[in-house]
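Dear colleague,

I am passing on the structure we spoke about, with the sequence alongside. Please open it before reading further, since my notes are meant to be followed with the model in view.

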Amino acid sequence: MIRDPFGIHNKNVFKATAFRAAQNIKDAAAQAGANALEMSFSIPKNVPNFADSGRALEDRAWAALSRRGGGVLNGGMFEKSDSLPMYKDKPYAYAPSMRLRPWWQRKKVLGIITAAVVFFLYLTGFFSGHPRARTSESALSWLGLAQEKDQVDWDERRKHVVDAFEVSWDAYERYGWGKDEFHPVSKTSKNMAPKGLGWIIIDALDTMMLMNQTSRLRHAREWLSTSLTWDQDQDVNTFETTIRMLGGLLSAHYLSNEFPDLAPLTEDDEGADGEDLYLEKARDLADRLLSAFESESGIPYASVNLGEYKGLPSHSDGGASSTAEATTLQLEFKYLAKLTGEKNFWDKVEKVMEVIDDNQPEDGLVPIYVYATTGEFRGGNIRLGSRGDSYYEYLIKQYLQTNKKEPVYQEMWNEALEGVRKHLVTYTEPSGFTIIAERPDGLEYPLSPKMDHLVCFMPGTIALAVTDGLTEAEARKLPTWSKKKDDDMQLARELMQTCWGMYKYMKTGLAAEITYFNTYNPPPAASAPHQAPAEFDPDPNAEWRKDFIVHSNDVHNLQRPETVESLFYMWRITGDVKYREWGWEMFKSFANYTAVEDRGGFTSLLDANTIPPTVKDNMESFWLAETLKYMYLLFSPNDLLPLDKIVLNTEAHPFPRFDMGPLFSTGWQRKPRTPKASKKAE
Ligand code: DMJ
């Protein structure tokens, strides 16, 4: 294929690709193929602009870089039997501490010689048993961070993120290649299915493309074409497999077509063998995942058996699915529907939204469980953390994905955000930070002043919803700007400050999984006056620290992306450089406390509130897919993936926005609201 110097992919190639995929559809192939040919898919043209000077700079930086060479749960998230795939955010079973026992307790019987050796190792820091003691200085130096320049150079900082990606990937390639879990400290790995699922490889594909990692991408693609099969007798979590694997393959398809000059591979060329590899693998996987939707209500089952094409209810939670899991499949299946022309993918995920909304959730706030059998909610637990989070995220992103032609999702988002203000937003004591608390027993019952780190997707998502992806300055000039938008931006800024406080509070500078807050009694309403400090005084006895509480059970840091995700949106939308600076500070904390010695990768922490920290010995796939990608984007020029042209799925996989065309439309309407029935929490 002749490369387009401006990165504008030929529409016909794209249509042909979609058509070929449609040919594979067993049922309704002819119809789908015809529809696919009629797609009026319009590919964003200005992402990024390869002709501009910033682009040239980037290209030089990449060239220089390449010259330089340049599950989570014990037992496996996907094991059969009782350990069916669990939601990633469940409190995990703690692995035994990675701290080693003192040498004199372990080595009694080995005599004086062994003791001397052990003592020597002790002196070298070996027995502190965590990466920091063994690597902090070297990690900072091999990342070139030991001495920072006075002059801020974002391009330079971005290169450090690329270095961190390369180190993480290369360690995985060396010690865990093809496996789904990677434990960088012990240099071990394992699969979540008999033949592996490509969990880490597929999640990282698009990050490699954006970072122009051609040789690494080639290796990944080779693994996909020679080793990856979905035809395995394996139960998998419907949601996790959709957002990471289906999402990862679809965005790889999108980026490789949209930006053929990024990490270019000849196999991607028109007519080459394996040209449609990503889309074909995505299509095959989606056919299997569709079985999750074969429930009485249309709400997807929590799991599916890939080989048997069979949906499976959750083993726990009374068989209910997590609400966030059931409602965070829509961007992926709708984009696939658009690519293949097969409407079934669209209809199945759209139906879920209708069933959820038919429950008429009070003020748009949904309980965190829903039965696949009846379509009704289970219990009244309301939160924007685990099991609730991305329901809200996908409301506004569905609205944006189809170019703002489905107002129902914006309406639901607006209603939910008002519900959040009315029932969940409050302020902390004594310093007045803004938080989104929880209502574990239902809206009529007391607030629990707790925020999962997961809630930190909210500041960025609120800002995105206010401007639809434009900058705040641009959006303010539009006639649609309003007092409500002002208030929402203010809420986004305040929440961003709180999320950053979660990092500042911890000794390593890396947030805990869950943070509690001191609140007044009764907790003030969202309309109450409040003023959090603009700066975080580093004094260990500073007043602001009294507002934050971290329990010993919650001190782990799983390399999560939500705060840097929001920093990325806030930087792009407000243009306030402090968000970039916070992201850089966060990056340095990761480098300082989570890097494994000898360029061994980066690890999650069991305890991020002690120095040195204790490690969990695990690299999450979202470290590569999300955390490092958001950092890279945060330090990149703003025309790389412009926010008004794309949507990022909840795993940070970018998809294009598109017009629905004649084949697709919103197939449901909200029912008229009935007066509030008295609802009792189970
Ligand atoms: C990711 O898999 C996704 O971001 C999901 O929406 C939330 N949890 C993890 C990262 O924390």
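Below is what I found, beginning with the chain as a whole and then moving to one helix, the annotated positions, the ligand and a separate residue.

Please keep in mind throughout that this is a predicted model. The protein chain has 682 residues, of which 61% count as buried, and it contains 22 helices and 17 strands. Its accessible surface comes to about 25100 Å², and carbon and sulfur atoms account for 52% of that area.

The element I looked at in detail is helix H20, which runs over residues 562-574. With 13 residues at 1.5 Å a residue, H20 should span 18 Å, and this agrees with the model, because its end C-alpha atoms are 18 Å apart. Twelve of the 13 residues of H20 are buried, so the helix is largely enclosed by the rest of the structure. Among the buried residues are Glu562, Phe568, Tyr569, Trp571 and Arg572. Just after H20, Gly575 takes a positive phi of about 75°.

Helix H20 also holds one of the annotated positions, Glu562. The UniProt annotation "active site", which comes from an unreviewed entry, covers Glu240, Asp389, Glu513 and Glu562. Glu562 has a relative accessibility of 9%, and therefore counts as buried; leaving out residues up to four places away in sequence, Glu562 touches His453, Leu454, Cys456 and Phe457.

Glu513, another position under that annotation, is found in the loop between helix H19 (483-505) and strand E12 (514-517). Glu513 counts as buried because its relative accessibility is 8%, under the 20% cut-off. Apart from neighbours within four places in sequence, Glu513 is in contact with Met451, Asp452 and His453, and also with Asp554, His556, Leu558 and Arg560. His453 thus appears in the contact list of Glu513 and in that of Glu562.

Two of the residues just mentioned, Arg560 and Glu562, return at the ligand, where they belong with Glu626, Thr650 and Glu651 to those that come nearest out of the eleven residues around it. A polar side-chain atom of Arg560 lies 2.6 Å from an oxygen atom of the ligand, an N or O atom in the side chain of Glu562 is 2.6 Å from a ligand oxygen atom, and a polar side-chain atom of Thr650 likewise lies 2.6 Å from an oxygen atom of the ligand. On its own the ligand has 290 Å² of accessible area, and the protein covers 98% of it. Helix H10 (238-258) and helix H22 (621-634) each supply at least two residues of the shell around the ligand.

Finally, I would point you to Glu415, which has its place in helix H16 (residues 407-423). With a relative accessibility of 27%, Glu415 counts as partly exposed, because that value falls between the cut-offs of 20% and 50%. Glu415 lies 52 residues from Asp363 in sequence, while their C-alpha atoms are 6.1 Å apart in space. Not counting residues up to four places away in sequence, Glu415 touches Pro361, Asp363 and Gly364, together with Arg670 and Arg673. With Arg670 there is also a polar contact of 2.9 Å, which joins the side chain of Glu415 to that of Arg670.

With best regards

Conventions
Residues numbered from 1 in each chain as written. Predicted model: local features only at pLDDT ≥ 70, side-chain atom pairs only at ≥ 80, totals over all residues. Heavy atoms only, no water. Helix = DSSP H or I, 4+ residues; strand = E, 2+ residues; numbered from the N terminus. Buried < 20%, exposed > 50% of the residue type's maximum accessible area, 1.4 Å probe, protein only. Areas by Shrake-Rupley, 256 points an atom, 1.4 Å probe, with all protein chains shown as cover. Expected span 1.5 Å × (residues − 1). UniProt positions renumbered as here; feature names shortened; annotations may be inferred. Contact = heavy atoms within 4.5 Å. Near = heavy atom within 4 Å. Polar contact = N/O pair within 3.5 Å; in protein donor to acceptor, adjacent residues only side chain to side chain.
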